Each structure stands twice: as C-alpha cells, then as structure tokens.
Amino acid sequence: MDSDKPQIVISRVVDAPRELVYRAFTDPDHLAAWWGPIGNSIPREEMDFDVRPGGYQRWTEVFAAQPGLRVEVHIDLTDVVDRELLDGVAHVTGQLPEGIEPHETRMRVEFHDEADGRTRLEIRQWLPGRVVGPADQGWNEAFSKLDATLRNAHPVAVDVEV
C-alpha cells in the first residue's frame with residue numbers, strides 16, 4: 001500500500017435499509033450476487049466467511065470473458081461492528097488480469113442511516129497505485145449490480161389505486 005491516504009474514497013447513498021446493505025457485504029449469498037465488475041462471478045461454493053474482528057472473508061472471482069482468470073481474495077478482518085463497519089486487509093492473488101500483480105489492499109466500509117430508510121456507504125481503500133484505475137472501474141460496475149440486487153431484495157412500495 002502506497003500511502004497513509006486512501007487512493008479510493010467513495011460516498012454513496014443506496015436505496016435500502018442499513019441492515020440489508022450490511023448483509024450485502026457480509027453474507028456470502030448476497031455478496032456473490034453483486035461483487036465485482038459486470039460479467040464476473042463468485043462461485044458460491046468457493047466462499048468462506050467468518051465475519052467478526054479477527055475473522056475473514058475468502059472467495060474466488062471468475063472472469064466470464066477469460067475463464068482462466070481466477071482471482072483469489074482473502075480478507076483478514078481487523079475491525080467489525082455489526083451493521084456499522086467492516087475494516088480489513090485483502091490479499092489479492094491467483095491468476096490475475098494482465099498487468100495486475102498480486103497485492104494487498106486495506107478496505108474500510110462504513111454503513112450509515114440516511115433519511116427514508118436509505119443507507120450511506122463510506123468506502124476507503126488503500127492500494128498500490130497501479131491498480132487504482134481497475135479497482136475504481138470495478139467499484140462502479142459492482143455498484144450497478146448492487147443497486148439491482150438491493151432493488152430485488154427490497155422492492156419499492158408502489159401505491160395502487162383500487
């Protein structure tokens with residue numbers, strides 16, 4: 001990791017309650033539905049989570065366009081507060097896309113209540129400069145998948161005239 005300042009800083013409000021958004025990051029079934037760039041997937045049988053301080057999250061990300069690429073993500077969780085905070089260091093290894101070397105990245109995700117049952121995510125990520133662009137693009141694509149996943153898990157109430 002290149003510096004004390006995070007290379008990626010994201011503040012994003014999502015249209016779902018904090019408990020559901022937290023589960024999207026901490027429940028393997030939920031994370032598998034949205035994590036990673038569009039087209040990538042996480043085989044559920046290759047996920048193992050123990051979400052607590054000193055715990056971990058482990059998974060393999062598979063690239064649809066290049067099935068030989070299998071990124072291994074192993075996060076050592078250092079700080080976990082239920083429905084409020086996830087903080088840890090990810091070790092990224094495996095068969096990585098061209099130009100990406102194995103690396104470590106610290107990631108901190110905070111979950112805050114917003115008006116109307118929405119949630120504000122505050123994400124900070126410290127990572128090597130050479131992977132900032134791909135990571136930023138990955139977050140943007142993953143957020144579109146997260147929004148769709150949360151919409152399906154938490155449909156917006158619609159007033160119906162009878």
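**Strands, rings and a buried aspartate**

Six of the eight residues of strand β8 (residues 119-126) are buried, so this strand is largely enclosed by the rest of the structure. The model discussed here is a predicted one. Strand β8 has two partners to look at. With strand β1 (residues 8-14), β8 runs antiparallel, and seven bridges join the two; here Ser11 is matched with Glu122 of β8 as its bridge partner. With β7, β8 is again antiparallel, this time over eight bridges. The link between β7 and β8 is a hairpin with five residues between the strands, and Asp116 in the turn has a positive phi of about 60°.

Arg106 is a handy residue to follow across this pairing. Arg106 stands opposite Trp126 in β8, and the charged end of Arg106 sits over the ring of Trp126, 4.1 Å from the ring centre. The side chain of Arg106 also makes a polar contact of 2.7 Å with the side chain of Asp87.

That brings in Asp87, which lies in strand β6. With a relative accessible area of 4%, Asp87 falls under the 20% limit and so counts as buried. A further polar contact, of 2.8 Å, joins the side chains of Asp87 and Arg108. Leaving aside residues up to four places away in sequence, Asp87 touches Asp76, Leu77, Thr78, Asp79, Arg106, Met107 and Arg108.

Strand β6 (residues 85-95) pairs with β5 in the antiparallel sense over 11 bridges, and Val73 has Val92 in β6 as its bridge partner. The hairpin of β5 and β6 has three residues between the strands, and Arg83 there takes a positive phi near 65°. On to the next pairing: strand β5 (residues 70-81) is joined to strand β4 (residues 56-63) by seven bridges, and these two run antiparallel. Six residues make up the hairpin connection from β4 to β5, and Arg58 stands opposite His74 in β5.

Now for the aromatic side chains. The structure holds eight aromatic pairs. In one of them, Phe25 and Phe111 meet edge-to-face, at 5.4 Å centre to centre and with 80° between the planes. Phe25 belongs to helix α1 (residues 18-26) and Phe111 to strand β7 (residues 103-113), so this pair ties together parts that are 86 residues apart in sequence. Both Phe25 and Phe111 are buried. Trp34 and Trp35 pair up too: their ring centres are 5.5 Å apart and their planes stand at 65°, so this pair is also edge-to-face. Trp34 is buried with a relative accessible area of 0%, and Trp35 is buried at 15%. Ring pairs link Phe25, Phe111, Trp34 and Trp35 into a cluster with Tyr22, Phe49, Trp59, Trp139 and Phe143.

Some of these rings turn up again in the nonpolar core. In soluble globular proteins, nonpolar side chains tend to be buried together. The largest nonpolar core here has 41 residues, and those with the most contacts inside the core are Phe25, Trp34, Trp59, Leu121 and Trp139. Helix α3 (residues 132-153) supplies the largest share of this core, six residues. As for Trp34, its contacts are Ala24, Phe25, Trp139, Ala142, Lys145, Leu146 and Thr149, not counting residues up to four places away in sequence.

Note on methods: Residues are numbered from 1 along each chain as its sequence is written. This is a predicted model: local features need pLDDT of at least 70, side-chain atom pairs count only at pLDDT 80 or more; totals for chains, interfaces and linings use all residues. Side-chain values use heavy atoms; hydrogens and water are left out. Two strands pair if DSSP finds at least two bridges between them. Helices (H or I, at least four residues) and strands (E, at least two) are DSSP runs, numbered from the N terminus. Rings of Phe, Tyr and Trp (its six-membered ring) pair if their centres lie within 6.5 Å; planes under 30 degrees apart count as stacked, over 60 as edge-to-face and the rest as tilted. Buried means under 20% relative accessible area, exposed over 50%, partly exposed in between (1.4 Å probe, protein chains only). A charge sits over a ring if NZ of Lys or CZ of Arg is within 6 Å of the ring centre and within 35 degrees of the ring normal. A nonpolar core is a set of buried Ala, Val, Leu, Ile, Met, Phe, Trp, Tyr and Cys residues joined through side-chain atoms within 4.5 Å. Contact means heavy atoms within 4.5 Å. A polar contact is a pair of N or O atoms within 3.5 Å; within protein, one must be able to donate a hydrogen and the other to accept it, and residues adjacent in sequence count only if both atoms are side-chain atoms.
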